[in-house]
Amino acid sequence: MAMVMAALLCLRRRAALTGVAPRLATATRQGALDCRNGDGDSPWVQLPPFTPLDATTAAARAISSRGTGGEGVAGAGATAISWVRRCCPDLPTSLVHKLFRLRKVKKNFVTAEQHRLRRVSAKDQLMPGDIIFLPVHPKESSIAEKTKKFDNRNEIDFLRSLEIYKDEAIIVINKPPGMPVQGGIGIKNSIDVLASIFEENSSEAPRLVHRLDRDCSGVLVLGRNLRSTTMLHATFREKTADALADGTQHVLQRKYLALVIGTPRHPKGLLSAPLAKVLLQDGKSERLTVRASSNAASVQDALTEYRVIEYCPHGYTWLELFPRTGRKHQLRVHCAEVLGTPIVGDYKYGRQAHQNWIPLPLPRTINEELLRKRKLPFGLVVGGGSIAEEQPQLHLHCKQMVLPDISVAVHRLQSDVDPDFSDLEKLNFVAPLPLHMRLSWEILKSVET
């Protein structure tokens with residue numbers, strides 16, 4: 001029974017797909033199809049054949065262009081990981097990434113003699129008709145079940161206290177610094193794994209639609225069902241495409257607040273600097289860096305708008321950052337390598353700037369409540385981490401997000417033959433600053449120039 005749990009998770013949402021349910025495949029039943037996964041004849045979950053752009057994705061593109069729902073591009077491809085997440089929405093994203101990382105995900109490969117399964121990478125593009133196979137392992141499938149049995153009242157109340165907004169389609173939270181969004185090596189709890197706690201009477205767990213770094217805080221959006229999640233994913237993708245096409249972006253807007261070391265040469269500007277991944281320590285770690293050319297396949301264009309909001313003593317500057325594209329570590333790299341002003345607490349991209357770090361003294365007039373350190377659930381700590389500390393926390397916070405009303409868009413997509421999204425209202429979410437950034441703000445305000 002335990003070995004088929006992952007398969008059952010995938011079956012729950014089959015009606016929202018092509019109508020073809022995922023099924024179990026074994027080596028003995030498939031005949032010429034070699035389905036061995038390295039564990040003898042253990043079964044696989046066979047996902048439905050890949051089909052191109054669906055109505056939900058087309059609707060998201062229409063929202064981005066403020067048009068109608070029938071303007072999708074037929075034949076648009078998708079990556080292997082996006083198809084797995086769409087077919088198996090109940091599997092935690094961290095588990096899906098783990099399966100790809102461990103090379104456990106396979107794709108059908110046809111030769112003249114037989115059908116075989118070959119490993120597929122997360123970013124591999126699928127062609128219509130491609131079939132993905134997932135292994136069924138009881139330890140992995142139990143991850144989703146574990147969240148359903150979660151009964152620590154303090155931790156449940158803490159997570160639900162993070163909610164900023166909730167409707168039929170989305171949940172918006174103010175992610176605390178230090179809380180991982182996705183699972184990984186050494187990470188026991190993450191927003192992705194614990195997302196089901198945000199729902200009380202639903203068979204579906206909310207799903208991530210974008211990311212925040214572990215030490216970053218602020219507005220984080222989750223989709224409450226498969227359709228809204230798909231629409232949000234596409235909306236975030238279209239935001240990047242629109243920004244690169246004409247330099248403008250209105251449908252989705254994000255504003256970050258950052259405290260940086262140093263002073264930018266200009267009070268505002270638009271940073272256009274492609275990013276590329278660099279492997280370190282023989283591939284054991286990686287970092288992003290600016291590349292002069294974006295022609296290489298591994299290089300991604302990245303655009304960031306910035307504005308100085310406060311020049312401070314001791315060479316600090318408060319910035320507002322508006323990412324027009326959504327690349328990994330984009331804001332941190334652009335601040336450190338393009339502006340030459342690394343973010344306070346960023347030891348990955350601003351290590352040199354922190355080597356001679358000197359904490360600022362605390363003013364006598366500071367509110368004592370800001371200084372009191374308290375332990376929170378999941379090993380988090382509130383208090384400390386300001387510029388008065390020997391090792392400050394990352395001072396980067398997603399303060400505001402504006403996005404279209406996805407709940408109304410979903411209703412129109414379900415009820416109208418040719419839905420019009422041109423008049424969708426915008427939802428505006430604001431997340432209060434974390435305590436360590438509020439404390440740094442008060443410290444800098446009290447220091448005489």
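Start by selecting Leu275 and Gln300: Leu275 stands opposite Gln300, which sits in strand S14. Keep in mind as you click around that this is a predicted model.

**Stop one: the three-stranded sheet**

Now widen the selection to residues 275-280, which make up strand S12. S12 and S14 run antiparallel, and two bridges join them. Add S13 to the view and you have an open sheet of three strands, in the order S13-S12-S14, with antiparallel pairing. Which strands are the edge strands here? They are S13, residues 285-290, and S14, residues 299-300; each of these pairs on one side only.

Next, pick residues 330-338. That's helix H10, and it packs on the sheet you just looked at. Which strands does helix H10 touch? The helix touches S12 and S13. Line up your view along S13 and check the angle: the direction of H10 makes about 60 degrees with the direction of S13.

**Stop two: strand S9 and its partners**

Jump to residues 217-223, strand S9. Color by burial if your viewer lets you. Seven of the seven residues of S9 are buried, so the strand is largely enclosed by the rest of the structure.

Time to pull up the partners of S9, one by one. A quick reminder before you do: strands in a sheet pair through backbone hydrogen bonds, and the pairing can be parallel or antiparallel.

- Select residues 170-175 for strand S7, which pairs with S9 in the antiparallel sense over six bridges. To find your place in this pairing, show Val172 and its bridge partner in S9, Val221.
- Select residues 207-208 for strand S8, another antiparallel pairing with S9, this one over two bridges. Here, show Leu208 with Leu222, its bridge partner in S9.
- Select residues 396-404 for strand S19. How does S19 run relative to S9, parallel or antiparallel? The two run parallel, joined by two bridges. Gly218 and Cys398 are a handy pair to display, since Cys398 is in S19 and Gly218 stands opposite it.

**Last stop: zoom out**

Clear your selections and show the whole protein chain. You're looking at 14 helices and 20 strands. The chain has 449 residues, and 51% of them count as buried.

If you like contact maps, draw one now. Taking contacts between residues at least 6 apart in sequence, 69% join residues at least 24 apart.

Finally, switch on the surface. The protein chain exposes about 21800 Å², and carbon and sulfur atoms supply 49% of that area.

Definitions and conventions:
Residues numbered from 1 in each chain as written. Predicted model: local features only at pLDDT ≥ 70, side-chain atom pairs only at ≥ 80, totals over all residues. Heavy atoms only, no water. Pairing = 2+ DSSP bridges. Helix = DSSP H or I, 4+ residues; strand = E, 2+ residues; numbered from the N terminus. Contact = heavy atoms within 4.5 Å. Axes fitted to C-alpha atoms, helices over the stretch in contact; angles between N-to-C directions. Buried < 20%, exposed > 50% of the residue type's maximum accessible area, 1.4 Å probe, protein only. Areas by Shrake-Rupley, 256 points an atom, 1.4 Å probe, with all protein chains shown as cover.
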